[in-house]
Amino acid sequence: GIDRISKYATALGLGQKTGIDLPNEVSGVMPSEEWKIKNFKQKWFAGETISVGIGQGAVALTPVQLMRAIAAISMGGRMVVPHVVDPQSLPSGYVETSHVTETKNIPIDPNGWTFITDAMSRVLLPEGTAPSAHVPGVDIAGKTGSAQIVSLATRAKFKNSEALAQNGWFVGFTPRRNPDIIVCVLFEGGEHGKLAARLATQVLKAYVDKQRRTPQKMVEKPKNDGKVDMGALWTAPEGDKLEGGRFVLDLPKRPRAVAAAAPGIASSESLVPSTGKNR
């Protein structure tokens, strides 16, 4: 029934703001019987549940909402607040830390978790909805989707105008449980989720390829030239326009004392005999 669907979808953050540190975030819509009575003064019809069950009908979501919900499912119900900037690295008092570091744990049956994540890994196999996005040797799981922006009847009226084409969706992650990375793609006018999946899996492949490079390259440190490269996002004091920039800062060069000996070991001078001769 719709109320059971709505209960779990709402628990996973659908139809709500995520709290991401970007301006003008919207809530979206996760319908229920109560929602329809409140907004339309009408009862809920069973046929509407079918549409909502596949994410259509009155459902309205943002990409970051869907990413957060799928991430929570992939982590066994652990749901966090997404961020553009790590709040722990910001100056004290800059943000309200009680919210930005909030973590919720949504009860998910372990057997259901295993079943769902295994099923999502088959989306990229021949029997799935996006086999052309498969990346050999990489454990990717995900879900495709398509979203109509107008009804099929309206689109036919305008002779299937490309401007009214469906949006393609894909949310993918690797590995299939407790992933290192998750990617959400909304391909406007993309028609099919498999096309969005092809874009997302290339990002996932690039990430995995980087992780699999030889240890020498992974630990190789850049030359210390006394500079640090930083990026930042901000909004102006008046207005919600998001700005961004790149900065190169000079680090202070502080001379370090040269160690005479390792901790707990006598210095080299104490090892020289009292005669003053070298050993």
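The following is a conversation about how some features of this predicted model come by their descriptions.

Visitor: Why is the contact between Lys-36 and Glu-48 called a salt bridge?

Guide: The side chains of Lys-36 and Glu-48 meet at 2.8 Å, nitrogen to oxygen, and because the cut-off is a Lys or Arg nitrogen within 4 Å of a carboxyl oxygen of Asp or Glu, the pair counts as a salt bridge. Lys-36 belongs to helix 2 (residues 33-40) and Glu-48 to helix 3, twelve residues apart, and the pair links distant parts of the chain.

Visitor: How do you know whether Lys-36 is buried or exposed?

Guide: Buried means under 20% relative accessible area, and Lys-36 has 5%, so Lys-36 counts as buried. Its partner Glu-48 has a relative accessible area of 26%, and because partly exposed covers the range between 20% and 50%, Glu-48 is described as partly exposed.

Visitor: What makes Arg-176 and Asp-139 a salt bridge, and which parts does the pair tie together?

Guide: Their side chains meet at 3.0 Å, N to O, and the rule asks for a distance within 4 Å, so the pair qualifies as a salt bridge. Arg-176 lies in the loop between strand 4 and strand 5, while Asp-139 lies in the loop between helix 6 and strand 3, so the pair ties together parts that are 37 residues apart in sequence. Salt bridges that share partners also join Asp-118, Asp-139, Arg-176 and Arg-177 into one network. Arg-176 is partly exposed at 26%, and Asp-139 is partly exposed at 27%.

Visitor: How many salt bridges does the count come to?

Guide: By this rule the count comes to six, and one of them joins the side chains of Arg-122 and Glu-127 at 2.5 Å, N to O. Arg-122, with a relative accessible area of 45%, and Glu-127, with 48%, are each described as partly exposed, because the word exposed is kept for values over 50%.

Visitor: Why is the aromatic pair of Trp-35 and Phe-40 called edge-to-face?

Guide: The ring centres of Trp-35 and Phe-40 are 5.5 Å apart and the angle between the planes is 65 degrees; because rings pair when their centres lie within 6.5 Å, and planes over 60 degrees apart count as edge-to-face, both conditions are met. The structure holds one aromatic pair. Trp-35 counts as partly exposed at 23% relative accessibility, and Phe-40 counts as partly exposed at 47%.

Visitor: How do you know that strand 4 and strand 5 pair?

Guide: Two strands pair if at least two bridges are found between them, and strand 4 (residues 167-174) and strand 5 (residues 181-187) have seven, in the antiparallel sense. Among the bridge partners are Thr-174 and, in strand 5, Ile-181. The hairpin of these strands has six residues between them, and Asn-178 there takes a positive phi near 50 degrees.

Visitor: What makes up the lining of the largest pocket, by class?

Guide: The lining has 26 nonpolar, ten polar and two charged residues. The space in this pocket is about 1,500 Å³, and of the 38 residues that line the pocket, the closest to its centre are Leu-14, Gly-53, Ile-54, Gly-55 and Leu-66. Because Gly is counted among the polar residues, Gly-53 and Gly-55 fall in the polar class. Elements that each supply at least two lining residues include helix 1 (2-11), helix 4 (63-74) and strand 3 (141-147).

How values were computed:
Residues numbered from 1 in each chain as written. Predicted model: local features only at pLDDT ≥ 70, side-chain atom pairs only at ≥ 80, totals over all residues. Heavy atoms only, no water. Helix = DSSP H or I, 4+ residues; strand = E, 2+ residues; numbered from the N terminus. 1 Å grid on protein atoms, 1.4 Å probe; cavity = no way out; pocket = protein on both sides within 12 Å on 5 of 7 lines; lining within 4 Å. Points joined across faces, edges and corners; volume = space filled by probe spheres on them. Buried < 20%, exposed > 50% of the residue type's maximum accessible area, 1.4 Å probe, protein only. Phe/Tyr/Trp six-rings, centres within 6.5 Å; stacked < 30°, edge-to-face > 60°.
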